[in-house]
Amino acid sequence: MFNLLPKEEKFFESFASQAGVLHEAAGILLEMLDKPGPDAPEKANNIKKLEHRSDNMTHDVIVRLNRTFITPLDREDIHALCSRLDDVLDLTDAAASRIVLYKIFERKAPAVELARVLQRATKELQEAVPNILNQRERILEHCQEIIRLEHEADHICRNGIAQLFEIERDPFQLIKWKEIYEVLEGAVDKAEDVANVLETIVLKSS
Amino acid sequence: MFNLLPKEEKFFESFASQAGVLHEAAGILLEMLDKPGPDAPEKANNIKKLEHRSDNMTHDVIVRLNRTFITPLDREDIHALCSRLDDVLDLTDAAASRIVLYKIFERKAPAVELARVLQRATKELQEAVPNILNQRERILEHCQEIIRLEHEADHICRNGIAQLFEIERDPFQLIKWKEIYEVLEGAVDKAEDVANVLETIVLKSS
Amino acid sequence: MFNLLPKEEKFFESFASQAGVLHEAAGILLEMLDKPGPDAPEKANNIKKLEHRSDNMTHDVIVRLNRTFITPLDREDIHALCSRLDDVLDLTDAAASRIVLYKIFERKAPAVELARVLQRATKELQEAVPNILNQRERILEHCQEIIRLEHEADHICRNGIAQLFEIERDPFQLIKWKEIYEVLEGAVDKAEDVANVLETIVLKSS
């Protein structure tokens, strides 16, 4: 036991920093959508750098897992957790790069709201992850909040798209914005996938 | 053993009712698409209520799992099963809300056919779930039928979209209907994901 | 031990042939996009046949698993592996059928590049799979390469779509091509999902 726990704790530290990277990226994305401007490519580039950092963190965890003795079940979950955290950042990056590639200079309220929900969901993840080993009830509360946020994102996305169909006369603009809303909502979906993995880990260890 | 089984059976009962809720929701969706009319918002609202009921069922199972002693492996699968069942209802609700938000008043055959396939897939789930503990061969048969239905849905969806490109002159209408077909097909996809979880459970226990 | 290994090896052989079928299908898809022509329906049909072969392989594995004694953990992974391999072929088939249904007669560089990346990813899978039991480090290298290819596909897809928005004046054409790029990218995504399962298997057995 003495041998196992400290090693596991290092993995959890690594998750906490990965969740911190996510939260930082979500904050930059929110700025990009709230105050669109000529600095979009630079900001998207900063998100891309955070994505590479998260990729490296994931890869390090896998290499360390392959060399560390802990139980097989834990390995699986640790792998799932860092892969799913990475997915959130992939989608955050996907949204940022679309803002640049689609030359988005306009501010649209549903996109800002969706980015805000994403930021809050990543905050919940950041707070949930360090508690894996000890505070199971609190983790489940964070997971419930993330699931609630995902429903909120879904609602904003659907209504935002309905509004696009009401007011947008240019089909190309509609397609671009519809996709941006959907990618943002997809990022929140991925945060919910992380919550599902956390729930599974808690349930296994209970 | 005497201690474990009755508790597990309660979980399976709970899945059977959740599958029943799914099947009911799929039936309402089929009506919405087969006989479009001014009662769409009310029907979508009924589906939304069923979705909340399913959400609560999922949450209850997680809370109970966290307090019940059964083997770790079972917990994981039970969690996966109710999450995946919930996903089917999420997509059913997504289709219903789009019918309302996109102001769909027209009947299109591929949408009706897709809703019918979804209804049949949820029927298969409803019949498969109560047999988890005893009739493994029959579960695998239900799973095979669901996989077949998913292929059928895929075929209807692809051809329906090709037809839209042939006949639809308004890009906005094409985008709306294409998405409705895709969400309906996605709901059947999610039913196939449930079938995959059921197969995994059967294989583990064999 | 003597009893277990030979049976497991048969499963791995079966995966290797399934990966071979994938690679063959990806090659046909690449031809369809690189040299579009009146033989598209015939080639799509050949991919469909390969998909049925892969489906049957998956079903056989499930039936055999249900009758073979090996450890529960292995069963799960074997099931996951053949399901995920099958998903790659599903998306390959989805791309091929869209080329036919959308009457695509034009050659577009991003589609060709995406199909080439898919072909390379399936080659990596084909080389990785037979090494499951003995060469763990090499499998992880193949997985890393597939993850790199997925990033490449993502990049090609995003830029290809941005280019469509720049040059395409017909919204229907834009929608068709955007979807073809996305389905091709989705196929590479599914190859990454296989890599994730392989990583999990390696990590469990280490």
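## Exercises on the contacts between three chains

In this structure, 26 residues of chain A are in contact with 26 residues of chain C. The model is a predicted one.

### Exercise 1. The side of chain A that faces chain C

Describe the interface of chain A and chain C by its buried area, its polar links and the elements that build the side of chain A.

**Solution.**

Step 1. Begin with area. The size of an interface is often given as the accessible area lost when the parts come together. Chain A and chain C bury about 2200 Å² between them, and 57% of this lies on carbon and sulfur atoms. In chain A the residues that lose the most area to chain C are A:Asn66, A:Leu101 and A:Phe172, which together make up 28% of what that side buries.

Step 2. Turn to the polar links. Three salt bridges are counted between chain A and chain C. A:Lys103 forms a salt bridge with C:Glu166, with 2.5 Å between the closest N and O atoms. Seven residue pairs across this interface are in polar contact, both residues having pLDDT 80 or more.

Step 3. Assign the contacts to elements. Helix 2 (40–67), helix 3 (72–101) and helix 6 of chain A each give two or more residues to the side that touches chain C. Helix 3 of chain A provides the largest share, 12 residues.

Step 4. Sort the residues by class. The side of chain A that touches chain C has nine nonpolar, five polar and 12 charged residues.

### Exercise 2. The side of chain A that faces chain B

Carry out the analysis for chain A and chain B, and state which helices of chain A supply at least two residues.

**Solution.**

Step 1. Count the contacts and the area. Here 26 residues of chain A are in contact with 26 residues of chain B. The two chains bury about 2200 Å² between them, 57% of it on carbon and sulfur atoms. On the side of chain A, the most area is lost by A:Arg158, A:Phe165 and A:Leu203, together 32% of what that side buries.

Step 2. List the polar links. Three salt bridges cross the interface of chain A and chain B. A:Lys178 forms a salt bridge with B:Glu179, the closest N and O atoms lying 2.9 Å apart. The interface also has seven residue pairs in polar contact, both residues at pLDDT 80 or more.

Step 3. Name the elements and classes. Helix 5 (136–167) and helix 6 (171–205) of chain A each supply at least two residues of the side that touches chain B. By class, that side has nine nonpolar, six polar and 11 charged residues.

### Exercise 3. The relation of chain A to chain B

What turn lays chain A on chain B, and what kind of axis does this describe?

**Solution.**

Step 1. Chain A can be laid on chain B by a turn of 120° and a shift of 0.0 Å along the axis, with an RMSD of 0.0 Å.

Step 2. That is the relation of a three-fold axis.

Step 3. The copies use different surfaces, as 8% of the contact residues of chain A recur in chain B.

Step 4. To find the axis in the structure, look for A:Pro171, which of the residues of chain A comes closest to the rotation axis, at 3.9 Å (C-alpha).

### Exercise 4. Salt bridges within a chain

For three salt bridges, decide where the partners lie in the helices and whether they are buried or partly exposed.

**Solution.**

Step 1. B:Asp154 and B:Arg158 form a salt bridge, with the closest N and O atoms 2.8 Å apart. Both lie in helix 5 (residues 136–167) of chain B; because they are four residues apart, about one helical turn separates them. B:Arg158 has a relative accessible area of 7%, under the cut-off of 20%, so B:Arg158 is buried.

Step 2. C:Asp87 and C:Arg84 meet in a salt bridge of 2.9 Å, N to O. These two lie three residues apart in helix 3 (residues 72–101) of chain C, about one turn of the helix. C:Asp87 is buried, at 17%, whereas C:Arg84 is partly exposed, at 23% relative accessibility.

Step 3. C:Arg120 forms a salt bridge with C:Glu152, the closest N and O atoms being 3.8 Å apart. C:Arg120 lies in helix 4 (residues 109–128) and C:Glu152 in helix 5 (residues 136–167) of chain C, so the pair ties together parts that are 32 residues apart in sequence. C:Arg120 is partly exposed, at 38%, and C:Glu152 is partly exposed, at 26%.

Step 4. Salt bridges can also share partners: A:Lys48, A:Glu51, A:Asp93, C:Asp154 and C:Arg158 are joined in this way into one network. Over all chains, the count comes to 48 salt bridges.

Technical notes. Residues are numbered from 1 along each chain as its sequence is written. Chains are lettered from A and ligands numbered from 1 in the order in which they are written. This is a predicted model: local features need pLDDT of at least 70, side-chain atom pairs count only at pLDDT 80 or more; totals for chains, interfaces and linings use all residues. Side-chain values use heavy atoms; hydrogens and water are left out. A salt bridge is a side-chain nitrogen of Lys or Arg within 4 Å of a carboxyl oxygen of Asp or Glu. Buried means under 20% relative accessible area, exposed over 50%, partly exposed in between (1.4 Å probe, protein chains only). Copies are superposed by least squares on the C-alpha atoms of residues with pLDDT of at least 70 in both. Contact means heavy atoms within 4.5 Å. Buried area is the accessible area (1.4 Å probe) that two parts lose on being put together, summed over both. A polar contact is a pair of N or O atoms within 3.5 Å; within protein, one must be able to donate a hydrogen and the other to accept it, and residues adjacent in sequence count only if both atoms are side-chain atoms. Ala, Val, Leu, Ile, Met, Phe, Trp, Tyr, Cys and Pro count as nonpolar, Asp, Glu, Lys and Arg as charged, and the others, Gly among them, as polar.
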